[in-house]
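Please find below a few notes to read alongside the coordinates. They are set out as numbered points and can be checked one at a time.

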Amino acid sequence: MPVRPPVPLTPAATDTSVPALARTWPVGTRPAVLRGWEPPATVYGRGHRGVDLAASPGTPVQAVAAGRVSFAGRVAGKGVVSLGLTGTDLRTTYEPVTASVKRGDEVEAGDVVGTVEPTGSHCTTTCVHWGLLRGDTYLDPLSLLPPWLLRRGPSRLLPVLGVPLP
């Protein structure tokens, strides 16, 4: 099996109409992106309509932003949770997830909507497939994340110049 290069942690989309309103990653603090967003050339063309995030079975899955649960159930044997994001025409999807919410529930950013299922993923290891849609059009979910959530590594303090010592 060929080794994939690391996925860059920047949105692949050039769609600036997606607001960076996420306040958290769906799983963990900065999970590894196992496979990035690959928009299909046509509606039914090949591609990857979301991003795959590394996560162990049982890991809590969080809403990235405030919204209302539009679907929580099984599709083709996989657990799926879908959230309409408040004040937008966007919705996010998370799978395979055992839902802890039901249709109509309102959630805030960081609220747990379910847990990662041990099976049902299309990844070679356990992962969460995170999707973003506007109507029937798939978008890059990383575009929801503000730059401070995309950056890797610890914060750095810079020297303060010209300030008198106490």
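1. In which strand is the place of His129? This residue of the predicted model sits in strand S10, which covers residues 127–134. His129 counts as buried because its relative accessible area is 10%, under the 20% cut-off.

2. The side chain of His129 has two polar partners to look at. One is the side chain of Asp52, with a polar contact of 2.9 Å. The other is the backbone oxygen of Arg49, which the side chain of His129 reaches at 3.4 Å. Beyond four places in sequence, the contacts of His129 include His48, Gly50 and Val51, and also Thr93, Tyr94, Glu95 and His122.

3. Next, the overall layout. The protein has eleven strands and one helix, and in sequence order the pattern is β-β-β-β-β-β-β-β-β-β-β-α. The protein has 166 residues, and 39% of them count as buried. Of the contacts with a separation of 6 or more, 65% are between residues 24 or more positions apart. The accessible surface is about 9700 Å², with 58% of this area belonging to carbon and sulfur atoms.

4. How many disulfides does a search of the whole structure find? The search returns one, and this disulfide links Cys123 and Cys127 with an S to S distance of 1.9 Å. The torsion about the S-S bond is about 70°, so the disulfide of Cys123 and Cys127 is right-handed. Cys123 is buried at a relative accessible area of 17%, and Cys127 is buried at 1%.

5. Cys127 and His129 also appear together in the lining of the largest cavity. The search of the whole structure finds one cavity of 30 Å³ or more, and the volume of the largest cavity is about 30 Å³. Its lining also includes Lys78, Glu95 and Pro96, together with Gly120, Ser121 and His122.

6. Two of those lining residues, Glu95 and Pro96, deserve a check of the backbone. The peptide bond that joins Glu95 and Pro96 is cis, with omega about -10°. Pro96 is placed in the loop between S6 and strand S7, the latter spanning 97–99. Strand S6 covers residues 90–95.

7. Strand S6 also holds Thr92. Is Thr92 buried or exposed? With a relative accessible area of 0%, Thr92 is buried. Its side chain makes a polar contact of 3.0 Å with the side chain of Tyr94. Setting aside residues up to four places away in sequence, Thr92 touches Val64, Val81, Ser82, Leu83 and Leu85, as well as Trp130, Gly131, Leu132 and Leu144.

8. A second backbone item is Ala76, where phi is near 50°, a positive value in a residue other than glycine. Ala76 lies in the loop between strand S4 (67–75) and strand S5 (78–85). Ala76 counts as exposed because its relative accessible area is 78%, over the 50% cut-off.

9. Val51 belongs to strand S2, residues 51–54, and is buried with a relative accessible area of 0%. Which residues is Val51 in contact with, leaving aside neighbours within four places in sequence? They are Val33, Arg35, Gly36 and Trp37, then Val128, His129 and Trp130, and finally Asp140, Pro141 and Leu142. For Gly36, 15 residues from Val51 along the chain, the C-alpha atoms are separated by 4.7 Å. The contact with His129 leads back to the residue of the opening point.

10. The last residue to look at is Glu38, in the loop between strand S1 (33–35) and S2. Glu38 counts as partly exposed, because its relative accessibility is 29% and this class lies between the 20% and 50% cut-offs. The side chain of Glu38 makes a polar contact with the side chain of Arg35 at 3.0 Å. Glu38 and Arg49 are eleven residues apart in sequence, with a C-alpha to C-alpha distance of 6.4 Å. Arg49 is also the residue whose backbone oxygen is reached by the side chain of His129.

Definitions and conventions:
Residues are numbered from 1 along each chain as its sequence is written. This is a predicted model: local features need pLDDT of at least 70, side-chain atom pairs count only at pLDDT 80 or more; totals for chains, interfaces and linings use all residues. Side-chain values use heavy atoms; hydrogens and water are left out. Helices (H or I, at least four residues) and strands (E, at least two) are DSSP runs, numbered from the N terminus. Buried means under 20% relative accessible area, exposed over 50%, partly exposed in between (1.4 Å probe, protein chains only). A polar contact is a pair of N or O atoms within 3.5 Å; within protein, one must be able to donate a hydrogen and the other to accept it, and residues adjacent in sequence count only if both atoms are side-chain atoms. Contact means heavy atoms within 4.5 Å. Accessible areas come from the Shrake-Rupley method with a 1.4 Å probe; for residues, only the protein chains shown count as cover. A disulfide is a pair of cysteine sulfur atoms within 2.5 Å. On a 1 Å grid over the protein atoms alone, a cavity is a set of points where a 1.4 Å probe fits but cannot get out, and a pocket is an open set with protein on both sides within 12 Å along at least five of seven lines; lining residues have an atom within 4 Å of a point. Grid points are joined across faces, edges and corners, and a volume is the space filled by probe spheres set on the points.
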